[in-house]
Amino acid sequence: MIDPANILRTHDLKHTKQRVRVLEEIALDTAAISQPELEKKLGKEIDRVTLYRILNTYEDKGILHRIMDMNGTANYAICSASCTEHHHHDEHVHFNCTTCFKIYCLEVNVPRIKMPNGFTATTVTSTAYGICEKCNSSAIH
């Protein structure tokens, strides 16, 4: 389990109840979570604008990374410990389940891509689509 207070301290962010709740909620699931899903789970604890600002701050600070789902909705997952404010090191495969529509960060490295002269890649992503472990096991029963 993550330690929200430590994460906030490490990234020089003020410790607030709302910031802690957002981190706790995101850490509860193994799948990434969208802002609309977070809004539903947090109810009236945090208004939409505050949640939006917290998510943007966390992404800017290297606490969360954003993954787009099949509908173009941003989803968020906890970054690896090596991510910083200026560089995300979350170069792993994202898995989009076509049954439950959840997005999972898989510990599978994205292959290095040699860019042609004059091109500079700032982010490389790899997305796999299919049926997740949970949906596969549900289909068997």
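Let's start with contacts along the chain. Take the contacts in the protein chain with a separation of 6 or more: 52% of them join residues 24 or more positions apart. Keep in mind that this is a predicted model.

Now the overall layout. The protein chain has five helices and six strands. Reading along the sequence, the pattern is α-α-β-α-α-β-β-β-β-β-α. The C-alpha atoms fill a box of roughly 50 × 40 × 25 Å, taken along the principal axes. Of the 141 residues, 36% are buried.

On to the sheets. Here is one open sheet, built from three strands in the order 1-3-2, with antiparallel pairing. Which strands stand at the edges? Strand 1, residues 33-34, and strand 2, residues 64-68. Each has a single partner strand, so one side of each is left without a neighbour in the sheet.

Look at how the strands are joined. Strand 2 and strand 3, residues 74-78, run antiparallel and share five bridges. Put your finger on Met-68: opposite it, in strand 3, stands Ala-74. Now go to Leu-64: its opposite in strand 3 is Ile-78. Five residues lie between the two strands of this hairpin. One of the residues to look at there is Gly-72, with a positive phi near 85°.

On the other side of the pairing, two bridges join strand 1 to strand 3, again antiparallel. Ile-33 stands opposite Tyr-76 in strand 3.

Is strand 3 largely enclosed or largely open? Largely enclosed by the rest of the structure, because four of its five residues are buried. The cut-off for buried is under 20% relative accessible area.

A general point for anyone new to strands. In a regular strand the side chains alternate between the two faces of the sheet.

Next, the helix on this sheet. Helix 2, residues 17-27, packs on the sheet formed by strands 1, 3 and 2, and touches strand 1, strand 2 and strand 3. The direction of helix 2 makes about 90° with that of strand 3. Which residues of helix 2 are buried? Arg-19, Val-20, Arg-21, Val-22, Leu-23, Glu-25 and Ile-26. And what do the buried residues of helix 2 pack against? The partners are helix 1 (4-10), strand 1, helix 3, helix 4 (48-61), strand 2 and strand 3.

One more general point, this time on helices. An α-helix has 3.6 residues a turn, so residues three or four places apart point the same way.

Now for empty space. Rolling a probe the size of a water molecule over the atoms shows where empty space is left. How many cavities of 30 Å³ or more does a search of the whole structure find? One. The largest cavity holds about 50 Å³ of space. Its lining is made of Glu-25, Ile-26, Asp-29, Ala-31, Ala-32, Ile-33, Glu-37, Lys-41 and Lys-102. Helix 2 and helix 3 (35-42) are the elements that give two or more residues to this lining. Sort the lining by class, and you get four nonpolar, no polar and five charged residues.

Now the other sheet on my list. This open sheet has three strands in the order 5-4-6, and its pairing is mixed. Strand 5 and strand 6 (126-130) stand at the edges. Each has a single partner strand, so one side of each is left without a neighbour in the sheet. On average, neighbouring strands of this sheet are turned by 30° against each other, direction ignored. Strand 4 and strand 6 run parallel, joined by five bridges. Try His-94: its bridge partner in strand 6 is Thr-127.

Last stop: Thr-98. Where is it found? In the loop between strand 4 (92-97) and strand 5 (103-109). Why does Thr-98 count as partly exposed? Because its relative accessibility is 39%, and partly exposed lies between the buried cut-off, under 20%, and the exposed cut-off, over 50%. What does Thr-98 touch, leaving out residues up to four places away in sequence? Met-70, Tyr-129, Gly-130 and Ile-131. Finally, compare Thr-98 with Asp-3. The two are 95 residues apart along the chain, and their C-alpha atoms are separated by 32 Å.

Terms used:
Residues numbered from 1 in each chain as written. Predicted model: local features only at pLDDT ≥ 70, side-chain atom pairs only at ≥ 80, totals over all residues. Heavy atoms only, no water. Pairing = 2+ DSSP bridges. Contact = heavy atoms within 4.5 Å. Axes fitted to C-alpha atoms, helices over the stretch in contact; angles between N-to-C directions. 1 Å grid on protein atoms, 1.4 Å probe; cavity = no way out; pocket = protein on both sides within 12 Å on 5 of 7 lines; lining within 4 Å. Points joined across faces, edges and corners; volume = space filled by probe spheres on them. Nonpolar A, V, L, I, M, F, W, Y, C, P; charged D, E, K, R; others polar. Buried < 20%, exposed > 50% of the residue type's maximum accessible area, 1.4 Å probe, protein only.
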